[in-house]
Amino acid sequence: MEVVGIILSLFLLMFFAYRGFSVILFAPVFALLAASLSGLPLMPAYTELFMAKAVTYIKSFFPVFLLGAVFGKIMEDTGLAKGIAHSIMKTLGKERAILAVVLAGAALTYGGVSLFVVVFAVYPFASALFKEADIPKRLLPATIALGAFTATMDCIPGTPQIQNLIPTNFFGTNIYAAPILGLIGGSLIFALGVTWLERRRKQAADRGEGYGAHTLNEPEVSASSKLPSLQIAILPLLTVLVVNYVMTQIFTWDPNMLAPFQAMKLPLTAPAIKNVISIWSLIIALVSGILLAIALGWNNLGKGILAKSLNAGAIGSLLAIMNTASEVGYGNVISSLSGFKNISSALMSIKVGGSPLVSEAVTVNILAGVTGSASGGMSIALDLMAKDWLAWANSIGMSPEILHRVASMASGGMDTLPHNGAVITLLAVCGMTHKDSYGDIFVLTMLKTLMVFVIILLHTTTGIL
């Protein structure tokens, strides 16, 4: 009955998320449903289990959510993000329209701009390019998703997206973990994804299908002369990447920085400096990028616009982190139930190749799919089982770097099921429906899910990281 209660609560959470209900409200509701079916009193389960982990997650990652949202909003409102997208697409032209849109999204995502901002920045120019090239608009959402939601989100080493940052807190790694495998996986995803979309484009052309007669949310592209040049617009992104690399890989952090706070017996989130270096480095990098973006785009930040941009970014970050924190709180309640021991034992019993990698990939993929969130599903999985996977890896001499990369890539697999918030937003911005465009997004979802098992096989057979 306890296992049934857990499965029922997971199904209800997925169903309500798919129907558009907020997980901030319903994650605790269904967590408490599972707790009640296991005989736990409701109020302690809420305040001592659910809220305890939710607050800890916010304490650990709120600065990254806040600064990432502000950086993205400043890049959007100054026109810098649109300048990058327009320059790339104009350079490659309509003959390579699909590749141009993919590269534009990838450049912005890898530079630290949030996925949602990338969608808004790329769409106007991508739509105009597809219309000029007479490519069916129904392929546009999948094309934007390939650029923004895949390799540069969690595969390519050094990406500052939250999906690549979360594992550092659990495994003591940094965002450059397993760089060779990440590059291989990311390159294959891009190559196979573009190949698929080009094949779909040619099939449509053979049928005589063009852009289509669309009226919903058709954009009006601003004159390109009003946009900053690529050389100027890309500087904040490069700043984030360079500062982040220097602070992570070159700068020497004092290993005793936490000692005064430990002496004060404060409830520290990080057990050691190595667990927070990546977070601290990204905070410094994002602040640097924000300041430079404001300076470069100052002429576009007229009276009151800067305040509105900063405020909008700050407010937007609250929704993002509260959604994820609620899912983490949900996971903590579920993991505390006796019935979860059976589930975790089943997941930990997946011992393909004698390593924890398949167990980790399957678990993270399932929970990302259930929650419709890469960061939320991965956070739940790592909070529940990271210690077991790390102990298992240590017992066989496996580097925690591969645990990091597998967790990160697996989170971006089944997360993009139909109820995923980014997918719903993407389709709405493009003026398309699930019926129109989700089929190609689902192919990318399957490709992304498969790729994590490809890099597991590569690591198992070659030992490369």
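D134 lies in the loop between α6 (115–133) and α7 (140–148). In this predicted model, phi of D134 is near 60°. That is a positive value in a residue other than glycine. Most residues other than glycine have a negative phi. D134 is partly exposed, with a relative accessible area of 46%. This value falls between the limits of 20% for buried and 50% for exposed.

A second residue with a positive phi is A178. Here the angle is near 45°, and again the residue is not glycine. A178 sits in the loop between α9 (162–171) and α10 (179–206). The relative accessibility of A178 is 0%. A178 therefore counts as buried, since buried means under 20%. Thus both D134 and A178 are loop residues, but D134 is partly exposed, whereas A178 is buried.

The loops described above join helices of a chain that has 21 helices and 0 strands. The chain contains 465 residues, and 53% of them count as buried. Its radius of gyration is 22 Å. A compact globule with 465 residues would have a value near 23 Å, so the chain agrees with that expectation. The C-alpha trace spans about 60 × 50 × 45 Å along its principal axes.

Contacts were also examined by their separation along the sequence. Among contacts with a separation of 6 or more, 81% are between residues 24 or more positions apart. The surface was considered next. The accessible surface of the chain comes to about 19,100 Å². Carbon and sulfur atoms account for 66% of this area.

The interior was then searched for enclosed space. The search covered the whole structure and found 1 cavity of 30 Å³ or more. The volume of the largest cavity is about 70 Å³. Its lining consists of A145, F149, T150, G412, T416, I441, L444, T445 and K448. Helix α21 (residues 434–462) provides the largest share of this lining, with 4 residues. By residue class, the lining divides into 4 nonpolar, 4 polar and 1 charged. Lysine counts as charged, so K448 is the charged residue of this lining. Glycine counts as polar, and G412 therefore belongs to the polar group. The nonpolar group includes F149 and I441, because Phe and Ile count as nonpolar.

Methods: Residues are numbered from 1 along each chain as its sequence is written. This is a predicted model: local features need pLDDT of at least 70, side-chain atom pairs count only at pLDDT 80 or more; totals for chains, interfaces and linings use all residues. Side-chain values use heavy atoms; hydrogens and water are left out. On a 1 Å grid over the protein atoms alone, a cavity is a set of points where a 1.4 Å probe fits but cannot get out, and a pocket is an open set with protein on both sides within 12 Å along at least five of seven lines; lining residues have an atom within 4 Å of a point. Grid points are joined across faces, edges and corners, and a volume is the space filled by probe spheres set on the points. Helices (H or I, at least four residues) and strands (E, at least two) are DSSP runs, numbered from the N terminus. The radius of gyration is taken over C-alpha atoms; the globule rule is 2.2 Å times the number of residues to the power 0.38. Buried means under 20% relative accessible area, exposed over 50%, partly exposed in between (1.4 Å probe, protein chains only). Contact means heavy atoms within 4.5 Å. Accessible areas come from the Shrake-Rupley method with a 1.4 Å probe; for residues, only the protein chains shown count as cover.
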